[in-house]
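Me: I should like to learn how to read the features of a protein model. Could you guide me, giving the general idea and then the case at hand?

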Amino acid sequence: MSYVDEVFDLVVAKNPAQPEFHQAVKEVLESLRVVIEAEEEKYRKDALLERLVTPERQLIFRVPWVDDKGQVQVNNGYRVQFNSAIGPYKGGLRLHPSVNLGIIKFLGFEQIFKNSLTGLPIGGGKGGSDFDPKGKSDREVMAFCQSFINELYKYIGANTDVPAGDIGTGAREIGYMYGQYKRLTGLYEGVLTGKGLSYGGSLARTEATGYGLLYLTEEMLKCNGRDIKNKVIAVSGAGNVAIYAIQKAKQLGAKPVTCSDSTGWIYDPAGIDVDLLKEVKEVKRARLTEYAAARPSAEYHEGKGVWSVACDIALPCATQNELDLEDAKMLVANRCFAVAEGANMPTTMEATEYLQQNKVLFCPGKASNAGGVATSALEMSQNSERLSWTFKEVDSKLKEIMVNIFHNLDDAAKKYNMKGNYVAGANIAGFLKVAEAMTAQGIV
């Protein structure tokens, strides 16, 4: 049995009932097979893959808090500090009922390679809780966030582990967490990113993941002889990533026509109205039915169906495994020629393979949605220097990083005779930097 297969079997045996983590590891290891097998004995002797797939630290803790009725509630808190070979752990905090250890490990593992691809000195980590901020009052959210940080603060710091936002964790949650961290430690430092502009946040951080997704998509199309202008784009999700992907797509001359939330989706053939979408989702925190009610050109549909719309480009920006094989078949049938992931692993392995087999340009989330963590790292730099850069400065740096990411993964794919396989290219480019750092630092 090859070393790659041995390690994957080990991961499944040691981490039962964690399918998302198994999926993420399998996808990466399959891409790395050509690299590993060229120097298999060296990697095996150093147990490099075993160390790569095993987190440096896994934290699970209880989070008790009191709701508005005076009832004590208890949630689980998680932080997986996966790999610090190239810098302090960096990765978001997800607040959603679906959160469990396996999902946090999958996200943290992906984060290692995503952070490596940015070219910035940040390692991989991820955290969160099965707490659901939806439907909670500000006081209840504050109570949860303060209790969460009461435990987590012992393990994070500006030079150790720098969490950020993710699904369910926006500016409000980060603010409450930062305030409690500062109160407990007495330190005013860049320990959480996605902070408000009045206390160390970075301009363009809110827009970064969505904007970065479009910068990379535009470069991918350009390098394949296509133009993004006038292309019809299907987008899933209606959160931060989707909203700003839609906004940047329109700025680049494309026409985004869909978005979705947990109950249904919108098809707006006139093009999504970004201001209305922001009003519904960011101000009212309402369902997309309100968008349809206010927009005569829009159709609202219950359930799932975004990928049934004819489009040139698809941008899945909601959650893991949302785009399956049947969706991929619909996209190909409708002549979609490019898919770039705005969420973390939103496309199943079967769907990814089908898209690649049908010559659809496909860029994985660890590359295409790296704009968020890249700008978080830029926020860390500003905090360290006690400076605040302009929106234009940050946006310019973000675009440069995303363009470089595409060329790095494109070059890696070509070097290993897999031209056009951007999944393999991203995994290989991210891995080589981390593996070199791990080897240089000894068996730790």
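Reply: Let us begin with a term: a residue counts as buried under 20% relative accessible area and as exposed over 50%. Please keep in mind that this is a predicted model.

Me: By that rule, is R285 buried or exposed?

Reply: R285 is exposed, because its relative accessibility is 59%. The residue sits in the loop between α10 (274–283) and α11 (289–294).

Me: What is notable about the phi of R285?

Reply: Most residues other than glycine have a negative phi. R285 is not a glycine, yet its phi is positive, about 50°. R335 is another case, with a positive phi near 65°. It is found in the loop between α12 (325–333) and β12 (338–340). With a relative accessible area of 72%, R335 is exposed as well.

Me: Let us turn to the sheet. In what order do the strands of the open sheet of five strands lie?

Reply: The order is β7-β6-β11-β12-β13, and the pairing is parallel. At the edges are β7 (255–256) and β13 (361–363), each of which pairs on one side only. Helix α9 (residues 240–251) packs on this sheet and touches β6 and β7. The direction of α9 makes about 170° with that of β6.

Me: How many bridges join β6 and β11?

Reply: Strand β6 (residues 232–236) pairs with strand β11 (residues 313–316) over four bridges, in the parallel sense. One can follow a single bridge: A234 has A314 in β11 as its partner.

Me: How should I read the nonpolar interior?

Reply: In soluble globular proteins, nonpolar side chains tend to be buried together. Here the largest nonpolar core has 104 residues. The members that touch the most other members are L49, F109, L277, Y291, L315, I405 and F431. Apart from this core lies another, of 22 residues, including L59, F61, V141 and Y178.

Me: Which residues are in contact with L315, leaving aside its neighbours within four places in sequence?

Reply: They are L213, L214, T217, I233, A234, V235, S236, W307 and A340. A234 thus appears twice in our reading, as a contact of L315 and as the bridge partner of A314.

Me: How many aromatic pairs does the structure hold?

Reply: There are 14 aromatic pairs. F82 and F109 form a tilted one, 5.7 Å from centre to centre, with 55° between the planes. F82 lies in strand β2 (residues 72–83) and F109 in helix α5 (residues 101–117), so this pair ties together parts that are 27 residues apart in sequence. F82 counts as buried because its relative accessibility is 0%, and F109 counts as buried at 0% too.

Me: What kind of aromatic pair do F144 and F148 form?

Reply: Theirs is a stacked pair, with 5.7 Å between centres and 25° between the planes. Both residues lie in helix α6 (residues 138–152), four residues apart, about one turn of the helix. F144 is buried at 0% relative accessibility, and F148 is buried with a relative accessible area of 0%. Together with F61, W65 and F131, these two residues form one aromatic cluster.

Me: Where do K26 and K42 lie with respect to aromatic rings?

Reply: K26 lies over the face of F8, 4.8 Å from the ring centre. K42 lies over the face of Y43, at 5.1 Å from the ring centre.

Terms used:
Residues are numbered from 1 along each chain as its sequence is written. This is a predicted model: local features need pLDDT of at least 70, side-chain atom pairs count only at pLDDT 80 or more; totals for chains, interfaces and linings use all residues. Side-chain values use heavy atoms; hydrogens and water are left out. Two strands pair if DSSP finds at least two bridges between them. Helices (H or I, at least four residues) and strands (E, at least two) are DSSP runs, numbered from the N terminus. Contact means heavy atoms within 4.5 Å. Axes are lines fitted to C-alpha atoms, for helices over the stretch in contact, and angles run from 0 to 180 degrees between N-to-C directions. A nonpolar core is a set of buried Ala, Val, Leu, Ile, Met, Phe, Trp, Tyr and Cys residues joined through side-chain atoms within 4.5 Å. Buried means under 20% relative accessible area, exposed over 50%, partly exposed in between (1.4 Å probe, protein chains only). Rings of Phe, Tyr and Trp (its six-membered ring) pair if their centres lie within 6.5 Å; planes under 30 degrees apart count as stacked, over 60 as edge-to-face and the rest as tilted. A charge sits over a ring if NZ of Lys or CZ of Arg is within 6 Å of the ring centre and within 35 degrees of the ring normal.
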